[in-house]
Amino acid sequence: PGELTRGPFIQPLYSGQEKLKCLLIATFNISDYYEIGKTANTSANIFSNNTPHQIIFFGSPGTGKSRVIDIKTKGYNRVRTTFHPETDYHSFVGSYKPVMDEEAIRYDFVPQAFTKAYCNAWLNPEQPYFLIIEEINRGNCAQIFGDIFQCLDRDDNGFSKYEIDCDKDLANYIKSVFEASDNVEAVENYKEFIQTEDFDKIILPNNLYILATMNTSDQSLFPMDSAFKR
């Protein structure tokens, strides 16, 4: 058992255990015996009135966290990003960056994973949207989310319980996206919901789900505070 638990295959499955009582070597398709291998209608059961809008799948490496998310969100709109020590607020939300325009250089607001998912979710309220964050504990969550953390508290209808004010750059980008949209009804509903014409508030819609994976075996990562884990 001591040698087996140090092996590259067994270690992710049995990390933290001193003794290995049974090792199963399967000569058949073992996924037939587990729900994770049955993809039919699995994505539908993630939606219910009691389903949390933010879920962290945690465990040792190689235990199928990303696979579960992939199965449950297959066929739906999703935006995927991976946190790492260099990830910050601007690489998660967006910022102005230089863009080549033929031979000239101009600066445009370049949206990142959160902003893309946020705008698409509001403009398509009848469809669920998934923001998938891989390795959420490899980045400094407090720094990356910033004041967006306040929006993670949802009300009984799935919308953010508390809104936040966003900076002018992000507000201008959201305004440009909404004004260019053909879904006039969704735009008007958004204006009425945030109660401003300047698009300077952030409220997460009830069709935006945030799913994340977290590796519990690594120790040299950023600590996640209790409020965020809740």
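# Close-up views of helix 4, the aromatic cluster, helix 7 and the sheet

**View 1. Buried residues of helix 4: Ala 113, Phe 114, Thr 115, Ala 117, Tyr 118, Cys 119, Ala 121, Trp 122 and Leu 123.** The model is predicted, so local features are given only at pLDDT of at least 70 and side-chain atom pairs only at pLDDT 80 or more, while totals for chains, interfaces and linings use all residues. Residues are numbered from 1 along each chain as its sequence is written, and side-chain values use heavy atoms, with hydrogens and water left out. Buried means under 20% relative accessible area, exposed over 50% and partly exposed in between (1.4 Å probe, protein chains only). Helices (H or I, at least four residues) and strands (E, at least two) are DSSP runs, numbered from the N terminus. Helix 4 is mostly covered, with nine of its 11 residues buried.

**View 2. Surroundings of Thr 115 in helix 4.** Thr 115 is buried, and its relative accessible area is 2%. A contact is counted when heavy atoms lie within 4.5 Å. Leaving aside residues up to four places away in sequence, Thr 115 touches Phe 92, Val 93, Leu 170 and Tyr 173.

**View 3. Aromatic pairs, 17 in the count.** The tilted pair of Phe 92 and Phe 114 has its ring centres 5.7 Å apart and 40° between the planes. Phe 92 belongs to helix 3 (residues 89-93) and Phe 114 to helix 4 (residues 113-123), so the pair ties together parts that are 22 residues apart in sequence. Rings of Phe, Tyr and Trp (its six-membered ring) pair if their centres lie within 6.5 Å; planes under 30 degrees apart are stacked, over 60 edge-to-face, and the rest tilted. Phe 92 and Phe 114 are both buried. Ring pairs also join residues into a cluster that holds Phe 83, Phe 92, Phe 114, Tyr 118, Trp 122, Phe 145, Phe 159, Phe 178, Tyr 190, Phe 193 and Phe 199.

**View 4. Buried and exposed sides of helix 7 (residues 184-194), with Ala 186, Val 187, Tyr 190, Lys 191 and Ile 194 buried.** Down the axis of helix 7 the buried residues fall within an arc of 140°, so they line one face of the helix. The arc is that of the directions from the helix axis to the C-beta atoms. Exposed residues Val 184, Glu 185 and Glu 192 sit on the face of helix 7 turned away from its buried side. The packing partners of the buried residues are helix 4, helix 6 (168-179) and strand 7 (201-202). Just after helix 7, Gln 195 has a positive phi of about 55°.

**View 5. Strand 8 (residues 208-215), buried at eight of its eight residues.** One side of strand 8 carries Leu 208, Ile 210, Ala 212 and Met 214, the other carries Tyr 209, Leu 211, Thr 213 and Asn 215, and both faces are covered. In a regular strand the side chains alternate between the two faces of the sheet. Two strands pair if DSSP finds at least two bridges between them. Strand 1 (residues 54-59) pairs with strand 8 in the parallel sense over six bridges, and strand 5 (residues 129-134) pairs with strand 8 in the parallel sense over five. Ile 210 of strand 8 stands opposite Gln 54 and is the bridge partner of Leu 131.

**View 6. Open sheet of four strands in the order 1-8-5-2, with parallel pairing.** Strand 1 and strand 2 (77-82) stand at the edges with a single partner strand each, so one side of each is left without a neighbour in the sheet. From one strand to the next the twist averages 15°. Axes are lines fitted to C-alpha atoms, for helices over the stretch in contact, and angles run from 0 to 180 degrees between N-to-C directions. Ile 56 has Ala 212 of strand 8 as its bridge partner. Helix 2 (residues 65-73) packs on the sheet and touches strand 1, strand 2, strand 5 and strand 8, its direction making about 160° with that of strand 8. Helix 4 also packs on the sheet, where it touches strand 2, strand 5 and strand 8, and its direction makes about 165° with that of strand 5.

**View 7. The whole protein, with eight helices and eight strands.** Of the 230 residues, 38% are buried. Among contacts with a separation of 6 or more, 72% are between residues 24 or more positions apart.
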